[in-house]
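Take a walk through this fold, beginning at one small residue and moving outward to the whole.

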Amino acid sequence: MKKALKIVMIIVGIIILAIAGLLIYLKIALPHAEPAPDLKVQATPERIERGQYLANNVMVCMACHSTRDWSILTAPIIAGTEGKGGEIFDQKLGFPGKYIAPNITPHYLGKWTDGEIFRAITSGIERDGHALFPLMPYLSFGQLDEEDILSVIAYIRTLPTIKNDVPESTSDFPMNFIINTIPQKPHFQKKPSPTDQVAYGKYISTAALCANCHTNEIKGKMVGEPFAGGREFMLTDGAIVRSANLTPHATGIGNWTEDTFMKKFRFYSDSTYQDKKVVPGTLQTVMPWTMFARMKDEDLKAIFAYLKTLPPVENFPEKFTPVSR
């Protein structure tokens, strides 16, 4: 009996040591951070203009790094807060930690090199070498054309300084260990010619994170069919809004025409559009419609052309679940 107990204790000890060793490895040895590239972005007028467009209307960097007015439908950005950071994405919203969008004006990024910003956007590695939670969508941005990333950096460097000190983000267990396994080397691609509408549409949809929001997700991992919708987004009052099906099925956009698609976006940029106050308990959306609404016709039409090539998936998620009172 004593011998058997001793064997069991040895096995348990080995398991504990193995787990401890794994956790130490995950915490100390990872992420495998490549050195930030040695680069200096030439801030040409063309780059700044392209970066402004991408950051505000396609990649919508400003949607997270500014302050949005959640009392208004679509939560538009409050003027004068562009880049100040401070938006909180925490456990109340379903995240495995408390993640706070950093200030990306010169108040914070002034000490960063262009290469360090480039690495953070495309590889998920902070200036000090620690891993970023993929709420910062580096896994998608690392698939874009390097030139577009350089343009975004050129534009960010022109933002007015806003003095706003933001606390560091923190992850709960076990995400505080898992997070170090997520960053990866980027896989850049050249931006396709707009004449190849489907390929170009796929590229723009990647930049706009369409699949990220319109694919169901469980515990931070995409599950189910891409673009079929159903991902849940918790709102601050506990209500849940779900993303729509973007596949060409009748339960998605199968019956939509290009004109229908365009009008859906242009509705929010029309000169007659007026902000609508959100009554507590009624529908709100996390989709930054007022930002995407100013995307170029060429880009929106290309996204639609690409979405129409996807396999049709039957899925009609419940759009909104209010808080039970």
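Start with alanine 293. Its relative accessibility is 1%, and a residue counts as buried under 20%, so alanine 293 is buried. The model is a predicted one. Alanine 293 sits in a loop, between helix α12 (289-292) and helix α13 (297-307). What does alanine 293 contact, leaving aside its neighbours within four places in sequence? The answer is Phe265, Arg266, Tyr268 and Ser269. Arginine 266 is 27 residues away along the chain, yet its C-alpha atom lies 5.3 Å from that of alanine 293.

Two of those contacts, Phe265 and Tyr268, lead into an aromatic cluster. The cluster is formed by Trp256, Phe261, Phe265, Phe267, Tyr268, Tyr273, Trp289 and Phe304. Across the whole structure, a search finds 15 aromatic pairs. Take phenylalanine 267 and tyrosine 273: their ring centres are 5.4 Å apart. Their planes meet at 70°, and over 60 degrees counts as edge-to-face, so this pair is edge-to-face. Is tyrosine 273 buried or exposed? Its relative accessible area is 18%, so tyrosine 273 falls under the 20% limit and is buried. Another ring has a charge for company. The charged end of lysine 296 sits over the ring of tyrosine 53, 4.8 Å from the ring centre.

Now turn to the nonpolar interior. In soluble globular proteins, nonpolar side chains tend to be buried together. Here the largest nonpolar core has 67 residues. Val58, Met59, Ile149, Phe227, Met295 and Leu307 have the most contacts inside it. Which helix gives the most to this core? It is α7 (residues 146-156), with seven residues. Apart from this core lies another, of five residues, among them Phe233, Leu235, Val241 and Phe320.

Methionine 59 shows how the larger core is knit. Not counting residues up to four places away in sequence, methionine 59 touches Leu54, Phe141, Leu144, Ile149, Val152, Ala207 and Leu209. Two of these, Ile149 and Val152, are among the buried residues of α7.

Stay with α7. Why is this helix described as largely enclosed by the rest of the structure? Nine of its eleven residues are buried, so little of the helix is left uncovered. The buried residues run through Asp148, Ile149, Leu150, Ser151, Val152, Ile153, Ala154, Tyr155 and Ile156. Their cover includes α2 (45-58), α3 (61-65), α4 (106-109), α5 (114-123), α6 (138-141) and α9 (197-207).

The strands come next. Strands of a sheet pair through backbone hydrogen bonds, either parallel or antiparallel. One open sheet has three strands in the order β1-β2-β3, with antiparallel pairing. Its edge strands are β1 and β3, each pairing on one side only. Strand β1 (residues 88-89) is joined to β2 (residues 97-100) by two bridges. Across that pairing, isoleucine 88 stands opposite isoleucine 100. Two bridges also join β2 to β3 (residues 170-171). There, glycine 97 has serine 171 as its bridge partner.

A second open sheet is also built from three strands, in the order β6-β7-β8, and its pairing is antiparallel. Which strands stand at the edges? They are β6 (232-234) and β8 (320-321). Each has a single partner strand, so one side of each is left without a neighbour in the sheet. Strand β7 (residues 240-242) pairs with β8 over two bridges, in the antiparallel sense. In that pairing, isoleucine 240 stands opposite threonine 321. This sheet also meets the five-residue core: Phe233 falls within β6, Val241 within β7 and Phe320 within β8.

Finally, step back. The protein has 13 helices and eight strands. Of its 325 residues, 45% count as buried. Consider contacts between residues at least 6 apart in sequence: 68% of them join residues at least 24 apart. The protein exposes about 17,900 Å², and carbon and sulfur atoms supply 60% of that area.

Definitions and conventions. Residues are numbered from 1 along each chain as its sequence is written. This is a predicted model: local features need pLDDT of at least 70, side-chain atom pairs count only at pLDDT 80 or more; totals for chains, interfaces and linings use all residues. Side-chain values use heavy atoms; hydrogens and water are left out. Two strands pair if DSSP finds at least two bridges between them. Helices (H or I, at least four residues) and strands (E, at least two) are DSSP runs, numbered from the N terminus. A nonpolar core is a set of buried Ala, Val, Leu, Ile, Met, Phe, Trp, Tyr and Cys residues joined through side-chain atoms within 4.5 Å. Buried means under 20% relative accessible area, exposed over 50%, partly exposed in between (1.4 Å probe, protein chains only). Contact means heavy atoms within 4.5 Å. Rings of Phe, Tyr and Trp (its six-membered ring) pair if their centres lie within 6.5 Å; planes under 30 degrees apart count as stacked, over 60 as edge-to-face and the rest as tilted. A charge sits over a ring if NZ of Lys or CZ of Arg is within 6 Å of the ring centre and within 35 degrees of the ring normal. Accessible areas come from the Shrake-Rupley method with a 1.4 Å probe; for residues, only the protein chains shown count as cover.
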